[in-house]
Amino acid sequence: MSTAKSYSISKLTVWEAYQRVKANRGAAGIDEQSIAQFEQKLQRNLYKVWNRMSSGSYFPPPVKQVEIPKQSGGKRKLGIPTVADRVAQTAVKLLIEPSLDCLFHPDSYGYRPGKSAKQAVEITRRRCWNINWVVEFDIKGAFDHIDHELLLKAVRHHIKDEWILLYIERWLKAPFETA
């Protein structure tokens, strides 16, 4: 930890975030930098992410927007952040997830630690033998149309770290660029 920085973010958190980003693999963002290229100057790149985040000067680059085919036909827009931005996002996720995850319903499976789509299907299969009705919620386009101010209000209710709120707001405002 550095006491000379505006925000107290450990280098270890940034390192762990990088390890998770690397494990998840993923495509290059708008800067076309792959994980392998990011690793060529790993120490410098991680220091830059940490330094900018802990000083309050981190601004996310534009998000690369690509269209991917849907199984049912048509296309879906997908945003691909740069490797460095994924590291920054993951660092924040590592810090806020433990306090936020407990707020979700036990049957919420999307993007939750230790939960998967396969588990959701399995619990649904088991319950269909005991219950004669189903409630289905389709989130198609939910993230495309979510009210950012309302989302930030909810996040502010649970997160008090100024720097985390600052970066979440910046990520919500990051522009998209088509590849």
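# A walk around helix α4

Start with α4 and α8: α4 passes α8 in a left-handed crossing. What you have open is a predicted model, so keep that in mind as you click around.

**Stop 1: α4 against α8.** Select residues 83-101 for α4 and residues 162-173 for α8; their axes come within 11 Å and cross at roughly 135°. The two helices are therefore oblique to each other. Now show side chains. On α4, pick Asp85, Ala88, Gln89, Val92, Leu95 and Ile96. On α8, the partners are Trp163, Ile164, Ile168 and Trp171. Colour this α4-α8 contact by residue type and you get 8 nonpolar, 1 polar and 1 charged.

**Stop 2: α4 against α1.** Keep α4 on screen and add α1, residues 11-24. Here the axes are 8 Å apart and the packing angle is about 115°. Which hand does the crossing of α1 and α4 have, left or right? It is right-handed. From α1, select Thr13, Val14, Glu16, Ala17, Tyr18, Arg20 and Val21. From α4, select Val83, Arg86, Val87, Thr90, Ala91, Leu94 and Leu95. The α1-α4 contact splits into 9 nonpolar, 2 polar and 3 charged residues.

Leu95 is worth a second look: Leu95 belongs to the contact with α8, and Leu95 also meets α1.

**Stop 3: the core.** In soluble globular proteins, nonpolar side chains tend to be buried together. In this model, the largest nonpolar core has 31 residues. Click on Met53, Val87 and Trp163, the residues with the most contacts inside this core. Which elements give two or more residues to the core? They are α1, α2 (35-40), α3 (42-55), α4, α7 (148-158) and α8. The largest share, 8 residues, comes from α4.

**Stop 4: zoom in on Val87.** You have already met Val87 in the contact with α1. Leaving aside residues up to four places away in sequence, Val87 touches Val14, Ala17, Tyr18, Val21, Phe38, Leu46 and Val49. Show those seven side chains together with Val87 to see the neighbourhood.

**Stop 5: out to a loop.** Finish at Lys70, in the loop between β1 (63-69) and β2 (75-80). Is Lys70 buried or exposed? Lys70 counts as partly exposed because its relative accessible area is 33%, and that class runs between 20% and 50%. For a last distance, pick the C-alpha atoms of Lys70 and Asp31: they are separated by 26 Å, with the two positions 39 residues apart along the chain.

Methods
Residues numbered from 1 in each chain as written. Predicted model: local features only at pLDDT ≥ 70, side-chain atom pairs only at ≥ 80, totals over all residues. Heavy atoms only, no water. Axes fitted to C-alpha atoms, helices over the stretch in contact; angles between N-to-C directions. Helix = DSSP H or I, 4+ residues; strand = E, 2+ residues; numbered from the N terminus. Parallel < 35°, antiparallel > 145°, perpendicular 65-115°, else oblique. Left-handed = near helix turned anticlockwise from the far one by under 90°. Contact = heavy atoms within 4.5 Å. Nonpolar A, V, L, I, M, F, W, Y, C, P; charged D, E, K, R; others polar. Core = buried A, V, L, I, M, F, W, Y, C linked by side-chain atoms within 4.5 Å. Buried < 20%, exposed > 50% of the residue type's maximum accessible area, 1.4 Å probe, protein only.
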